[in-house]
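Subject: Structure for your review

Dear colleague,

Please find below a structure that I would like to hand over to you. The model is predicted. My notes on it follow after the structure.

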Amino acid sequence: MSLSSNEVLRLEGVWRQYRRWQRRPVSVKEAFVRFFKRNGLVYEKFWALQDVSLSLKRGEIVGICGGNGSGKSTLLRVVARILPMTHGRITVMGKVSTLLNLGAGFLPELTGRENIALNGAIMGLGDAEVALKMDSIIEFADLGAFIDSPVKSYSAGMYTRLGFAIAIHVDADILLIDEILAVGDESFQKKCTPQLLRMRRNGTALLIVSHALPLLSSICDRVVWLDRGRVKAIGSPSEVVRQYSPSLATTQKVSKLALETP
Amino acid sequence: MINRILQDVDLKESLFDPVYHIEGETDVRGEWYRTANLIKHLTWRNLAMRYRGSALGFAWSLLNPAFLLATYTFTFHFIFRVTPAGVPFPVFLLTGILAWNFLSVATMSAGASLVDGANLINKAAFPRIALPISAGLSSGLNYVAALPLLIIFSSLFGVAPTQYLLLLPFVVLLLLLMAIAIGLLLAGVMPLFSDLQHLIEVLFPMWFFLTPVVYPISMVPDKALFWYQLNPMVGIMQFVHAVFLGQPLPGASLVIAVGELVCLLCFGLWIFNRLSIHCCEV
C-alpha cells in the first residue's frame with residue numbers, strides 16, 4: 001500500500017525482537033562447537049517493539065513519550081534503518097535525517113569544522129551546500145574558538161549544539177530527534193523551539209522523543225505514548241499527557257520511597 | 001539442522017527472508033550522488049587520519065614493500081634461483097608485491113570497515129556500503145601514489161615502460177574490484193564473528209603463495225596449470241606483469257579471473273546488503 005499524498009512516513013505492525021544471549025558465540029569456532037552441544041545456543045527473547053503502527057504527515061510534529069526501556073529510542077533507530085525490525089513494514093517518502101545521541105556521527109579526532117563537512121556529507125548535503133551553510137551553522141552552534149579544536153574536547157552541551165546546528169540546516173523530509181534537547185542549557189532550548197517550528201513550516205515532519213512534557217505539549221501536533229514496546233495512546237498532547245502523567249507520578253513516588261527508606 | 005544454527009545466529013532470516021523493506025519515491029540519481037560524495041569524504045578522512053601526525057607519512061607505507069623486497073630477493077632469487085624470463089628479479093618482485101599489498105590491505109580494511117566504523121553507524125543513518133568502498137579506495141590511492149616510484153625503480157634496472165602501460169587504469173580497477181568483492185563479503189560477516197579476522201590473516205598468505213608473485217607462472221608444472229589458473233588472482237597478476245614488465249598478455253586465465261570476479265562481486269553485494277543491517281545488534 002503506497003502512502004497517501006500527505007503522508008511521509010508510515011509504520012505498520014512493527015515488531016522488533018531483541019535477543020539477550022547468555023553467552024553469545026562470537027567466533028566461528030564457538031558457533032561450530034556450540035551447535036553440536038545440546039543446549040549451546042541459548043538466549044532470551046525480548047520484544048522491544050510490539051505491533052507499533054504510526055503515520056506521519058508532512059510538516060507534522062509527533063512526540064514520543066514513555067518510561068525508560070519502553071522502546072522509544074529503538075523505534076527511532078528502526079525508522080532510521082540503523083536497527084532492523086523483526087516483522088512489519090515501514091514506508092518512507094523522502095529523506096530521513098537523524099539527530100540521535102550526542103555527537104551523532106562525529107569523529108573525535110577531527111575538528112568541529114571538519115565534522116560539519118563530514119556530517120553534511122553523511123546527511124546528504126553536497127560540498128557546495130555545506131560551504132554555503134557553514135557560517136550559519138557555526139554561528140548557531142555558538143562554540144567560539146572551539147570550532148577548530150578536535151571534537152573529543154567538547155562537552156556534552158557543545159556536542160548537542162553542534163549536532164543540532166547541522167541538523168536544522170539539512171532540508172530533510174523527516175527528522176528524527178532523540179532526547180537530546182534536554183541536554184542543552186536554557187538559552188539553547190529557547191533557540192531550538194523556533195527552529196523546529198520553522199522546519200515544520202517548511203514541510204519537514206519531526207518525530208521527537210522527549211521526557212520534557214512541556215516541550216511535548218507546546219510544539220507537538222500529536223503525542224504517542226509507548227509503554228514496554230506497545231503504543232498505549234496516540235492523540236493530542238493534552239490528552240496523552242493527561243493519561244501519561246499518572247504513571248509518571250507513580251514512578252516518582254516509588255523512587256522517593258526508595259530514597260527515604262534507610 | 002543447518003536451519004537451526006542459521007536461525008539462531010540470525011543469518012537465516014537475513015539471507016533468505018528479507019524482513020526489512022523500506023520503499024518510497026526516492027530520487028535515485030540524488031542517492032547515487034549522495035553516496036558518492038560520502039565515499040569521497042570518508043576516503044579523504046581515511047587518508048588524512050592515516051598520515052596525520054606521522055612525520056614520514058607516506059614513506060612508512062613503502063617500508064613494508066622495501067623490507068619484503070630485500071628478504072624475498074635473497075630467499076627466492078639468491079637461494080631458490082627463481083629467474084623470471086627477461087626481467088630482473090627485484091623488478092618482477094616489487095611489481096607483484098605492490099599489487100598484492102594493495103589487494104590485501106584493501107580487503108582487510110574493507111572487511112573490518114563495519115566494525116571500525118561502528119560509532120558512526122550506530123548514530124547516523126547513511127548507506128553503509130560507503131564504508132567498505134571508501135576503505136578500498138584509500139588503499140587504491142596509496143597504491144597509485146606508489147606507482148611512479150615503481151616505474152623509476154624499474155627503469156633503474158633497465159626495464160623500460162611499454163605501451164601496455166596504458167592499460168594501467170584497468171590494473172587498478174581489477175585489483176580494486178577484487179578487494180571490494182571480498183571486502184563486502186567479509187564486512188557483512190565480520191560483525192557477527194569476531195575471530196574471522198584471524199582466519200583471513202591465515203588464509204591470505206596461503207593465497208599469496210598460490211599466486212605468481214614471487215615466481216613466474218612459467219615455473220608452474222603443466223599438470224597443475226589447469227587448477228592453478230582457477231585462482232582469480234593468477235590472471236590478474238599476469239595482467240599486472242604484462243602492463244608493467246612487458247610480459248605477454250594473459251588470455252584464458254584473465255577471462256576466468258574476470259568471470260570469477262563478477263560472480264564474487266555479485267555474491268559479496270548480496271551478502272552485504274542482507275547482513276549489514278544487523279551489524280549494530282551485537
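I begin with a pair of helices in chain B. Helix α4 (residues 58–79) of chain B packs against helix α5 (residues 89–111) of chain B at an angle of about 130 degrees, and their axes are 10 Å apart. Because of this angle, α4(B) is oblique to α5(B). The crossing in which α4(B) passes α5(B) is right-handed.

Which residues make the contact? On the side of α4(B), they are B:Asn64, B:Pro65, B:Leu68, B:Leu69, B:Tyr72, B:Thr73, B:Phe76 and B:His77. On the side of α5(B), they are B:Phe89, B:Pro90, B:Leu93, B:Leu94, B:Ile97, B:Leu98 and B:Asn101. Sorted by class, the contact of α4(B) with α5(B) has eleven nonpolar and four polar residues, and no charged residues.

I turn next to a pocket. The second largest pocket holds about 400 Å³ of space. It is lined by 16 residues, of which B:Leu42, B:Asn46, B:Met49, B:Asp116 and B:Gly117 are the closest to its centre.

Which elements give two or more residues to the lining of the second largest pocket? They are α3 (28–51), α6 (113–116), α7 (118–123) and α8 (130–156), which belong to chain B. The largest share of this lining comes from α3(B), with five residues. By class, the lining of the second largest pocket consists of six nonpolar, seven polar and three charged residues.

Yours sincerely,

A colleague

Methods
Residues numbered from 1 in each chain as written. Chains lettered and ligands numbered in written order. Predicted model: local features only at pLDDT ≥ 70, side-chain atom pairs only at ≥ 80, totals over all residues. Heavy atoms only, no water. Axes fitted to C-alpha atoms, helices over the stretch in contact; angles between N-to-C directions. Helix = DSSP H or I, 4+ residues; strand = E, 2+ residues; numbered from the N terminus. Parallel < 35°, antiparallel > 145°, perpendicular 65-115°, else oblique. Left-handed = near helix turned anticlockwise from the far one by under 90°. Contact = heavy atoms within 4.5 Å. Nonpolar A, V, L, I, M, F, W, Y, C, P; charged D, E, K, R; others polar. 1 Å grid on protein atoms, 1.4 Å probe; cavity = no way out; pocket = protein on both sides within 12 Å on 5 of 7 lines; lining within 4 Å. Points joined across faces, edges and corners; volume = space filled by probe spheres on them.
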